[in-house]
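The following exercises are to be worked with the sequence and the model side by side. Each task is followed by a solution in steps.

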Amino acid sequence: MLKNILLVEDNPKDLELTLVALERSRLANEVVTARDGIEALDWLLRRGAHKDRPAVDPAVVLLDLKLPKMDGLEVLATIKSDPATKHVPVVMLTASREESDLVRSYDLGVNAFVVKPVDFQEFFDAIRGLGMFWAILNEPSPGQLRTGPMKVTEA
């Protein structure tokens, strides 16, 4: 069983573009989407409506910085401070070019910080590369499963 990709994005346009790019990468991983920080943590931590989901962590969390209810930095801090999820790779995928956001993200333990390109083709290429790296090329931490077509579900 392949591990999911958790995509946390509130902008409908960026969400759709990211999903298309991941789909065209021909990744077999299911993409689970969340539109705010609370929804993402509920899915990841298996609470609320997601308490019965299988106890398999995602291959990667693609996390927007600016989110409703709880911003990406707060989500990142929660993920990296919880012993059960601190090993989950998190990629901050944001339009922010603020150095303070970059520094804070790395201070909190982000695995990568990617500024969303404005140009459509560059954005598309960046997402495809991210998906390929984290879902296929990256070796998960010991004890984590690397567990085939891409399916999209909402958290």
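## Exercise 1: A buried charged pair

Both Asp14 and Lys116 are buried in this predicted model. Determine how the side chains of Asp14 and Lys116 are paired, and where Asp14 and Lys116 lie in the chain.

*Solution.* Step 1: Asp14 and Lys116 form a salt bridge, with 3.0 Å between the closest N and O atoms. This satisfies the rule, because a salt bridge requires the nitrogen to be within 4 Å of a carboxyl oxygen.

Step 2: Asp14 belongs to helix 1 (residues 12-24), while Lys116 is in the loop between strand 5 (112-115) and helix 5 (120-137). The pair therefore links distant parts of the chain, 102 residues apart.

## Exercise 2: Accessibility of two partners

Lys69 and Asp36 meet in a salt bridge, at 3.6 Å from N to O. Is Lys69 buried or exposed, and is Asp36 buried or exposed?

*Solution.* Step 1: Lys69 has 70% relative accessibility, so it counts as exposed, the cut-off being over 50%.

Step 2: Asp36 has 9% relative accessibility and therefore counts as buried, the cut-off being under 20%.

Step 3: Lys69 lies in the loop between strand 3 and helix 3, and Asp36 in the loop between strand 2 and helix 2, so the salt bridge ties together parts 33 residues apart in sequence.

## Exercise 3: Further salt bridges

How many salt bridges does the rule give, and which residues are joined into one network?

*Solution.* Step 1: The count comes to 6 salt bridges.

Step 2: One of them pairs Asp42 with Arg47, whose closest N and O atoms are 2.6 Å apart. Asp42 is partly exposed at 22% relative accessible area, and Arg47 is partly exposed at 34%.

Step 3: Through shared salt-bridge partners, Glu9, Asp14, Asp64 and Lys116 form one network.

## Exercise 4: The nonpolar cores

Which elements give two or more residues to the largest nonpolar core, and which residues does Leu76 touch?

*Solution.* Step 1: The largest nonpolar core has 23 residues, and Leu76 is among those with the most contacts inside it, as are Leu6 and Val8.

Step 2: The contributing elements are strand 1 (5-8), strand 2 (31-34), helix 2 (37-44), strand 3 (60-63), helix 3 (72-81) and strand 4 (90-94).

Step 3: Leaving aside residues up to four places away in sequence, Leu76 touches Leu63, Val90, Met92, Ser105, Leu108, Gly109 and Val110.

Step 4: Apart from the largest core lies another, of 18 residues, including Leu15, Val91, Ala112 and Leu130.

Note on methods: Residues are numbered from 1 along each chain as its sequence is written. This is a predicted model: local features need pLDDT of at least 70, side-chain atom pairs count only at pLDDT 80 or more; totals for chains, interfaces and linings use all residues. Side-chain values use heavy atoms; hydrogens and water are left out. A nonpolar core is a set of buried Ala, Val, Leu, Ile, Met, Phe, Trp, Tyr and Cys residues joined through side-chain atoms within 4.5 Å. Buried means under 20% relative accessible area, exposed over 50%, partly exposed in between (1.4 Å probe, protein chains only). Helices (H or I, at least four residues) and strands (E, at least two) are DSSP runs, numbered from the N terminus. Contact means heavy atoms within 4.5 Å.
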